Amino acid sequence: MSAALLAIRDLRVTYRTEAGGLHAVDGVNVDLAPGEFLGVVGESGSGKTQLLLAMLGLNAPGARIEGSIRYRGQELVGAGERVLGCLRGARIAMIFQDPMTALNPYLTIGTQLTEGMRHHQGASRAAARRRALELLDAVHIPEPERRFAQHPHELSGGMRQRIVIAMALICEPDILLADEPTTALDVTVQAQILALLRELRARTRAAIVLVTHDLGVIAEVADRVLVMYAGRVVEQAGVQRLFEHASHPYTEGLRRSIVPLAGPLPARLPSIGGNPPNPAELPPGCPFAPRCAYAFDRCGAAPPPLAPVAPGHLRACYYDGPLGRIR
Amino acid sequence: MNAAILPRPARAAGQWRQSWERLCRHRPALVALALLGFVVLLALLVPLVSPYDYATPDWDELYQPPGGGHLLGTDGLGRDLLVRVMWGCRISLLVGIAASLVSVLIGVLWGATAGYAGGTTDSLMMRIVDILYTVPFIPLVIVLTVLFGRSFLLVFVAIGAVSWLDIARIVRGQTLSLKNREFIEAARALGLSNTTMIVRHVVPNLLGVVILFEAFLSFLGLGVHAPLASLGTLISDGANHMKSHPYLLTIPAVFLTLIVCSFSYLGDGLRDALDPREQR
Amino acid sequence: MSTPPADTAAPAPLPAAPALEVSDLSVRFAVPGAKRWLQAVDGVSFSVARGETLGVVGESGSGKSTIARALLRLVSATAGAARFRGADLLALEGPSLRAMREHLQIIFQDPLASLDPRMSVAEIIEEPLREFRPALDRAARRGQVLAMLDRVGLLPAHLNRFPHEFSGGQAQRIGIARALMLQPELLVCDEPISALDVSIKSQIANLLKDLQLAFGLSMLFIAHDLAAVRFSCDRILVLYLGRVMEIASRTALFETPRHPYTQALLQSVPVADPVLARARRAAPLGGEIPSPLAPPSGCVFRTRCPFAGPLCAEEVPRLRPVGASLVACHRAEEFAGLPRNGG
């Protein structure tokens with residue numbers, strides 16, 4: 001059994017507001033194995049983006065990070081900018097949601113592509129250029145030499161996202177973090193990018209952590225899934241297990257509110273009532289309780305701990321009975 | 001259907017009340033407000049209770065330093081400085097506030113209309129602003145003085161004629177960016193007339209910007225005829241005696257600084273308080 | 001729920017006059033700098049039956065939002081007509097246009113941005129009444145507002161709050177309440193649930209369905225999300241680069257998509273079933289959407305179409321019946337295995 005590439009223990013990301021502490025991430029434990037594709041699914045206020053940013057120390061200046069994030073045994077929480085700077089881009093890379101804003105409009109594609117390699121590995125211009133062209137090929141950009149001299153605004157959204165992926169992979173990182181990489185793209189382009197991510201993972205053996213709100217994307221690409229709600233992990237399982245035997249009411253609610261593209265259609269969509277949580281004003285007890293069809297008095301006392309229901313399948317819920325109650 | 005669960009606990013109703021609460025939380029603005037209130041109070045009361053008035057010379061008490069019978073001393077004609085400074089505050093505040101209100105009114109309406117209308121109307125209106133910008137302020141005052149004699153009203157007109165230009169430009173810029181916001185589209189989809197659009201939807205969303213760029217400083221250094229003196233003239237008179245009688249300069253200067261800074265901080269606080277999106 | 005129209009060989013005109021009938025709608029924008037036009041919408045025709053929801057589906061550059069705005073007269077149409085309540089929407093001006101707005105309303109994609117941040121919920125929802133029902137006094141207006149609040153699932157306590165205090169789903173309810181205050185005949189929904197959280201999308205989709213029944217609305221439902229469209233719409237129109245590719249009933253579109261673009265769209269949607277998703281062999285649609293400034297000649301989809309032939313570059317395909325749908329494709333019969341008739 002290989003050691004975890006990334007080991008996160010009791011991670012908390014807190015912001016101070018006038019109203020008190022805002023727990024964007026509230027006690028997350030997860031391990032990432034080498035080459036694994038981990039999907040993190042959640043809505044607004046779930047903390048999924050903050051979790052990702054914490055892995056690279058990229059949270060906003062007011063954030064207080066507690067807990068432990070170990071990359072190959074090296075502690076990242078509290079590590080200085082120098083340590084993190086060496087890791088960012090080189091060993092752990094990130095791609096963001098909006099390809100339009102992730103690229104510098106004033107620099108050519110070539111400059112931006114080779115920047116990382118020249119900074120981290122001291123590569124010469126020629127060597128970096130060669131590698132960049134390799135990567136442009138790997139992400140299936142047509143006419144790669146021509147793109148080198150172009151600027152971001154000359155390319156479409158899908159191509160920009162490919163360039164961003166190429167930039168992330170140029171130093172051959174162990175871990176690729178992706179924050180909603182396809183949300184801003186058209187659905188046909190999204191399908192291309194997801195196929196690309198699958199392909200690249202097979203070739204480079206990098207581990208990928210992909211954050212999304214779309215369960216469909218998770219089903220397409222992830223090996224293992226974390227379901228987050230109000231800064232906590234509420235369910236964790238292998239992807240097939242999660243879809244077949246979701247055992248947290250929130251996951252069940254999400255799954256059942258998806259409209260199938262074929263087969264019978266309900267007259268009314270099963271939906272989760274209420275509103276997404278406000279991280280600044282969470283109730284005591286389970287944060288999902290106000291919207292949960294199965295909540296009972298124990299749920300209001302203290303948040304349920306993450307506990308196993310089957311090998312490799314964890315969930316944080318006090319309710320033991322069957323799910324499937326239609327709302 | 002429990003779809004309407006409130007995410008936040010109940011809060012006091014009313015836009016103005018919320019704004020007031022926000023303002024109260026902004027400490028510098030509160031201090032500024034208190035200071036201004038104090039100055040206004042002094043400016044109103046002192047001339048009423050003081051045994052001296054601002055114009056009568058007292059040949060026995062020329063250039064007295066602060067202390068004794070004259071709390072802040074006297075000037076070259078033996079006039080009590082405290083009373084003169086208080087009168088100066090009165091004038092300056094009055095002129096400043098009134099002129100500001102006038103220029104804000106004109107500037108906002110002009111800028112919002114130009115920005116909202118767009119096209120040729122916008123170009124025409126802003127070219128007029130550009131041309132008026134080139135009119136130099138002091139010569140204008142001189143010309144007006146020659147034509148209409150020295151009067152209080154003149155000062156208002158002169159300031160108002162100039163300072164609305166800045167506001168108009170800023171407001172037009174803001175309107176341009178507001179125009180493309182979806183709630184403006186939504187209002188257009190309701191078939192509102194252009195005037196209603198501007199007055200009900202555009203202008204209230206400009207308030208913050210306008211206060212920020214408020215020409216509270218417009219009264220700086222303005223000349224008003226003697227013996228009535230604004231803080232500006234008191235300062236320039238005092239500057240002549242900087243070496244021999246520094247208090248003639250420093251005291252009005254301190255008051256002017258206090259007033260200007262207070263308005264500035266108050267403006268900050270007001271802008272934040274009036275913005276309904278400020279999550280405090 | 002309204003029953004979808006029966007599938008026939010060619011969609012027959014519906015017995016009652018349609019609520020909206022759009023013919024040859026075109027919208028063109030001048031591009032500053034370039035000396036070319038941007039043809040956002042090119043010769044789009046469709047109709048919306050009474051009480052029906054017509055979905056308009058497309059990706060970026062498809063022109064779907066532009067159609068909504070052209071109908072609401074928020075942008076100017078360059079050509080075409082839109083018959084609504086016996087008049088051409090696109091030709092109305094002045095008082096008659098204003099009068100028409102009472103019957104045609106819109107809800108927007110970004111619920112928070114579509115509400116004036118300086119107005120309270122009460123003021124926002126009341127505004128249509130103030131404009132169009134001046135005879136009502138304050139109490140009567142307030143009564144109607146409260147009744148509408150209840151219908152959209154909000155509480156009276158929300159009246160004095162401001163938009164920024166609400167979540168996206170609640171803000172959209174406010175927008176819906178505002179749009180329905182005047183009981184319009186036709187409601188245009190411009191991506192009404194795209195910007196909402198996943199757990200809220202189904203709430204609002206359910207709400208729109210309920211309200212459609214209650215108010216007898218006809219709806220134009222613009223979206224890029226095929227799943228949402230499948231739930232909410234009776235018939236669907238597929239747009240690509242400002243042109244209509246296919247119009248079909250819900251059943252026909254999802255079970256037997258005729259146009260290669262529709263097929264590609266359906267295949268691109270991520271499937272929420274890991275086993276199915278990985279078993280799927282079809283490669284995603286290659287290429288990118290062409291620039292609207294320089295659309296391909298003939299069929300605009302041909303640059304990405306796996307079945308493109310020489311005719312596709314020469315001749316713009318007309319919308320014609322193929323099976324139960326209307327399709328703009330020269331070769332649609334070949335894939336459907338249907339005999340080519342005169343159309």
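Strand β9 of chain A, residues 224-229, has 6 of its 6 residues buried, so the rest of the structure largely encloses it. This and everything below comes from a predicted model. The side chains of β9(A) split into two groups: A:Arg224, A:Leu226 and A:Met228 point one way, while A:Val225, A:Val227 and A:Tyr229 point the other way. Both groups are buried.

Two strands pair with β9(A). One of them is β3 of chain A (residues 37-41), which runs parallel to β9(A) and is joined to it by 4 bridges. Here A:Leu38 sits opposite A:Arg224. The other is β10 of chain A (residues 232-238), which is antiparallel to β9(A), with 6 bridges between them. A:Arg224 turns up again in this pairing, with A:Gly238 of β10(A) as its bridge partner. The pair β9(A) and β10(A) makes a hairpin, with 2 residues between the strands. In that turn, A:Ala230 takes a positive phi of about 50°.

Stepping back to the whole of chain A, there are 11 helices and 12 strands. The radius of gyration is 21 Å, against the 20 Å that the globule rule gives for 327 residues, so chain A is as compact as a globular protein of that length. Along the principal axes, its C-alpha trace spans about 65 × 50 × 45 Å. Of the 327 residues, 50% are buried. Contacts also reach across the sequence: among those in chain A with a separation of 6 or more, 66% link residues 24 or more positions apart.

Chain B is built from helices, with 11 of them and 0 strands. Read from the N terminus, then, the elements of chain B are simply α after α. Buried residues account for 39% of the 280 residues in chain B. For contacts in chain B between residues at least 6 apart in sequence, 72% bring together residues at least 24 apart.

Chain C has an open sheet of 4 antiparallel strands, in the order β2-β1-β4-β5. At its edges lie β2(C), residues 37-48, and β5(C), residues 87-88, each of which pairs on one side only. Further in, β1(C) (residues 20-30) and β4(C) (residues 79-84) run antiparallel and are held together by 5 bridges. Within this pairing, C:Ser26 is found opposite C:Ala79 of β4(C).

A helix lies over this sheet. Helix α1 of chain C, residues 64-71, crosses β1, β2 and β4 of the chain, at about 70° to β2(C). The helix is mostly covered, with 8 of its 8 residues buried. Among them are C:Lys64 and C:Arg69, alongside C:Ile67, C:Ala68 and C:Leu71. After α1(C) comes C:Arg73, whose phi is positive, near 60°.

Another covered helix of chain C is α5, residues 168-180, where 13 of the 13 residues are buried. From first C-alpha to last, α5(C) reaches 18 Å, close to the 18 Å expected at 1.5 Å a residue. An α-helix has 3.6 residues a turn, so residues three or four places apart point the same way.

Chains A and C also meet each other. The contact involves 39 residues of chain A and 36 residues of chain C. On the chain A side, the elements that give two or more residues are α7 (157-169), α8 (187-204), α9 (215-221), α10 (239-244) and α11 (249-256). The largest share of that side comes from α8(A), with 6 residues.

How confident is the predictor in all this? For the model as a whole, ipTM is 0.88 and pTM is 0.83. Chain C has a mean pLDDT of 89, with 93% of its residues at 70 or more. Among the elements of chain C, strand β3 (residues 53-57) has the highest mean pLDDT, 97, and helix α12 (residues 332-336) the lowest, 78. Residues 1-6 of chain C have pLDDT below 50, and this stretch makes 11 contacts in the model beyond near neighbours in sequence. Residues 339-343 of chain C also stay under 50, and for these the model has 4 contacts beyond four places in sequence.

Note on methods
Residues numbered from 1 in each chain as written. Chains lettered and ligands numbered in written order. Predicted model: local features only at pLDDT ≥ 70, side-chain atom pairs only at ≥ 80, totals over all residues. Rg over C-alpha atoms; globule rule 2.2 N^0.38 Å. Buried ≥ 20, exposed ≤ 12 C-beta atoms within 10 Å, placed from the backbone. Contact = placed C-beta atoms within 7 Å. Pairing = 2+ DSSP bridges. Axes fitted to C-alpha atoms, helices over the stretch in contact; angles between N-to-C directions. pLDDT = per-residue confidence, 0-100. Expected span 1.5 Å × (residues − 1).
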